[in-house]
Amino acid sequence: MSEPTIALVTGANKGIGYEIAAGLGALGWSVGVGARDDQRRESAVEKLRAAGVDAFGVPLDVTDDASATAAARLIEEQAGRLDVLVNNAGITGGMPQEPTQVDPATIRTVVETNVIGVIRVTNAMMPLLRRSASPRIVNMSSSVGSLTRQSGTAGEQTTGPVAVAYAPSKTFLNAVTLQYARELSGTNILINAGCPGFVATDLNGFRGVRTPEQGAAIAIKLATLPDDGPTGKFFEDAGVVPW
Ligand SMILES: NC(=O)c1ccc[n+]([C@@H]2O[C@H](COP(=O)([O-])OP(=O)(O)OC[C@H]3O[C@@H](n4cnc5c(N)ncnc54)[C@H](OP(=O)(O)O)[C@@H]3O)[C@@H](O)[C@H]2O)c1
C-alpha cells in the first residue's frame, strides 16, 4: 500500500474547516485537525474518526509562534512530512466595521489571525512541505477581498458589507498568496487562494446560503491540483475570482 497523503487544516474543529478535513479524509488521506481549543479539537477528531477518517489532533493557535512551532514538531513526529496545508482559520472581528468608527485594535486582531497567522503557520510548516513530492498550500480567502468586486468594476455588483477589518484582511491575504507563489515559482509547491461562497457558519451567524460541505469543495479542489496545476491564483467554484 502507498503512503497516505498528509494534510493539515487549520481551524478544522467546525464550519468549513471541519468539512475540508472530512472531504480530504474521504480521499483516504491522513488529516491533522488544527484547532486551538482542546475540547473542540478532540470532539472534531472523534467525529471524523467515527466517519472513517484517519484524523489526528494538532493543537494550534495561529496567532501564537510557539503553538505553530509545536504543531510542526508534532506533524514531523507523526508523519515526517506534510503534503497539503489548508490555511482555513479565520475571524471577522465582529460587525459592524464602519471605517470611520472602527477601533484600530479590531484591525490588528483580524490581520493577526487572517494574514499573519497564515504566514506564521505556512513558514512553520515549510520544511515539512518541502519534503513532499507534490506540496499544496490553500489559503481560504473570500471574494469580499476582491477589489474588483468591492468596487463594482467590470460591471459586477459590490460584494459583501462595508467591513474595514475583514474584507481588507482577505485582500492582504490574496496579495500574500501571490508573493509566496512568486518566491516559490520553479519549485513543486503550488499555492492558491480559494473563496467558499457565502456559507452558513458561526462566522456570519449562520446567515450564509451554502452548506459548509459546499464551501469546502473549492479547498478540496485546490488541495488536489495536479503537478501542472495553477499557482498564485484566486478561485471559487465557478472559476477565477478577479483580484
Ligand atoms: N462562512 C463564509 O461565508 C465564508 C465566506 C468566505 C470566506 N470564509 C472563510 O472561510 C474560513 C472558515 O470560515 P467559517 O465560515 O468556517 O468560520 P467558523 O465556523 O467561524 O470557523 C472558523 C474556524 O477558525 C478557527 N480559528 C479562529 N481563530 C483561530 C486561531 N487564532 N487559531 C486557530 N484557529 C482559529 C475557529 O476556531 P474556534 O472554534 O476555536 O473559534 C474555527 O475553527 C475563514 O477563513 C473565513 O474567512 C468564510
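## Notebook: Met125 and its surroundings

**Entry 1, a starting residue.** I opened with Met125, which sits in helix α4. I am working from a predicted model here. Is Met125 buried or exposed? I found 25 other C-beta atoms within 10 Å of Met125, so I noted this residue as buried; the cut-off for that word is 20 or more.

**Entry 2, its contacts.** Next I asked which residues Met125 touches. Leaving aside residues up to four places away in sequence, I listed Leu8, Ala72, Leu82 and Leu85. I then picked Ala72 for a closer look. Along the sequence, Ala72 and Met125 are 53 residues apart, yet their C-alpha atoms are 5.7 Å apart in space.

**Entry 3, two helices side by side.** Ala72 led me to helix α3, where it is among the residues that meet α4. I wrote down the ranges: α3 covers residues 65–79 and α4 covers residues 104–129. How do these two helices lie against each other? They pack at an angle of about 25 degrees, and their axes are 9 Å apart. Angles under 35 degrees count as roughly parallel, and α3 and α4 are therefore roughly parallel to each other. I also noted that α3 passes α4 in a right-handed crossing.

**Entry 4, who meets whom.** From α3 I recorded Asp65, Ala68, Thr69, Ala71, Ala72, Ile75 and Glu76. They meet Arg120, Val121, Ala124, Met125 and Leu128 of α4. Sorted by class, this contact holds eight nonpolar residues, one polar residue and three charged ones.

**Entry 5, a proline elsewhere.** I moved on to Pro168, which I found in helix α6, residues 166–184. Pro168 has 21 C-beta neighbours inside 10 Å, so it counts as buried. I checked Pro168 against Val110 too: the pair is 58 residues apart in sequence, and the C-alpha to C-alpha distance is 9.7 Å.

**Entry 6, stepping back.** How many helices and strands does the protein chain have? I counted seven helices and eight strands. Of its 243 residues, 48% count as buried. The C-alpha trace spans about 55 × 40 × 30 Å along its principal axes. A compact globule of 243 residues would have a radius of gyration near 18 Å, and the 17 Å I noted for this chain agrees with that.

**Entry 7, contacts across the chain.** Last, I looked at contacts between residues at least 6 apart in sequence. Of these, 67% join residues at least 24 apart. The pair I began with, Met125 and Ala72, is 53 residues apart.

Key
Residues numbered from 1 in each chain as written. Predicted model: local features only at pLDDT ≥ 70, side-chain atom pairs only at ≥ 80, totals over all residues. Helix = DSSP H or I, 4+ residues; strand = E, 2+ residues; numbered from the N terminus. Rg over C-alpha atoms; globule rule 2.2 N^0.38 Å. Buried ≥ 20, exposed ≤ 12 C-beta atoms within 10 Å, placed from the backbone. Contact = placed C-beta atoms within 7 Å. Axes fitted to C-alpha atoms, helices over the stretch in contact; angles between N-to-C directions. Parallel < 35°, antiparallel > 145°, perpendicular 65-115°, else oblique. Left-handed = near helix turned anticlockwise from the far one by under 90°. Nonpolar A, V, L, I, M, F, W, Y, C, P; charged D, E, K, R; others polar.
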